[in-house]
Amino acid sequence: MPNTANITPHSGYSRWLWIIAAGVGLLLTLVATQSRAEDKKQDSSKTDVAAYPSSTPRKLVRKVDPVYPQDLKRRSIGGTVKLDLKISANGNVEKIAIMGGNPILADSAAQAVKQWQYAPASASSSLLLNVEFNPNH
């Protein structure tokens, strides 16, 4: 009968897997720390605007910042909300289509953007808008 006294469930192969997992965890921690440092340089509710190629960008006259839901911020839930806006000739935001993002953050962004006012123009225009929510700010 073979001697099984030196065989343990955590010997050899399992030990190497644990070392590899610890190394991967350390690497991910370093990447996350670097990412957080870069995020701190950005504003918590940054807004990027991209006009459709057929229209000229409208000047934003009045901007209302979105409310960051405290429950999501406390849980470090953030991201980008993508909105498609239709702006009337007189500068009011007529229509908002949510193109992507967390539904709760999208609702907050849409409520704020509805209150925005743009400079008057000769015709209505469309605008693609990204609203960033960063829980670290």
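The following is a conversation about how the terms used for this predicted model are decided.

Reader: What makes a residue or a value count here?

Author: This is a predicted model, numbered from 1 along each chain as its sequence is written, in which local features need pLDDT of at least 70 and side-chain atom pairs count only at pLDDT 80 or more, while totals for chains, interfaces and linings use all residues. Side-chain values use heavy atoms, with hydrogens and water left out.

Reader: Why is S108 called buried or exposed, whichever applies?

Author: Buried means under 20% relative accessible area, exposed means over 50%, and partly exposed is what lies in between, with a 1.4 Å probe and protein chains only. S108 has 10% relative accessibility, which is under 20%, and therefore S108 counts as buried.

Reader: Where does S108 lie, and what does its side chain reach?

Author: S108 lies in helix α3, where helices are DSSP runs of H or I with at least four residues, strands are runs of E with at least two, and both are numbered from the N terminus. Its side chain reaches the backbone oxygen of V67 at 2.3 Å, and this is a polar contact because such a contact is a pair of N or O atoms within 3.5 Å, of which, within protein, one must be able to donate a hydrogen and the other to accept it, residues adjacent in sequence counting only if both atoms are side-chain atoms. Leaving out residues up to four places away in sequence, S108 touches P66, V67, Y68, P69 and F133, contact meaning heavy atoms within 4.5 Å.

Reader: How do you know whether G79 is buried, partly exposed or exposed?

Author: The relative accessibility of G79 is 27%, a value between 20% and 50%, so G79 counts as partly exposed. G79 lies in strand β3, and its C-alpha atom is 5.8 Å from that of E132, although the two residues are 53 apart in sequence.

Reader: Which residues of the largest nonpolar core touch the most other members?

Author: They are V81, L83 and L85, in a core of 17 residues. The elements that give two or more residues to this core are β3, α3 (103–113) and β6 (125–133). The name rests on a rule: a nonpolar core is a set of buried Ala, Val, Leu, Ile, Met, Phe, Trp, Tyr and Cys residues joined through side-chain atoms within 4.5 Å. Beyond its neighbours within four places in sequence, V81 is in contact with residues that include L105, A109, L129 and F133.

Reader: What makes β3 and β6 a pair?

Author: Two strands pair if DSSP finds at least two bridges between them, and nine bridges join β3 to β6, which run antiparallel, so the requirement is met. Within this pair, L83 stands opposite L129 in β6.

Reader: How many bridges link β3 and β4?

Author: Six bridges link β3 with β4 (residues 93–100), again in the antiparallel sense, and therefore these strands also pair. I87 stands opposite V93 in β4, and the two strands form a hairpin with five residues between them, in whose turn G91 has a positive phi of about 105°.

Reader: What is notable about the phi of S76?

Author: Phi of S76 is near 60°, a positive value in a residue other than glycine. Most residues other than glycine have a negative phi. S76 is found in the loop between α2 (70–74) and β3 (79–87), and its relative accessible area is 51%, which is over 50%, so S76 is exposed.

Reader: Why is the contact of K63 with D65 called a salt bridge?

Author: A salt bridge is a side-chain nitrogen of Lys or Arg within 4 Å of a carboxyl oxygen of Asp or Glu. The side chains of K63 and D65 meet at 4.0 Å, N to O, so the pair meets this rule. By this rule the count comes to three salt bridges.

Reader: What joins D71, R74 and R75 into one network?

Author: R74 forms a salt bridge with D71, the closest N and O atoms being 3.5 Å apart, and both lie in helix α2, three residues apart, about one turn of the helix. The side chains of D71 and R75 also meet in a salt bridge, at 3.6 Å, N to O. Salt bridges that share partners thus join D71, R74 and R75 into one network.
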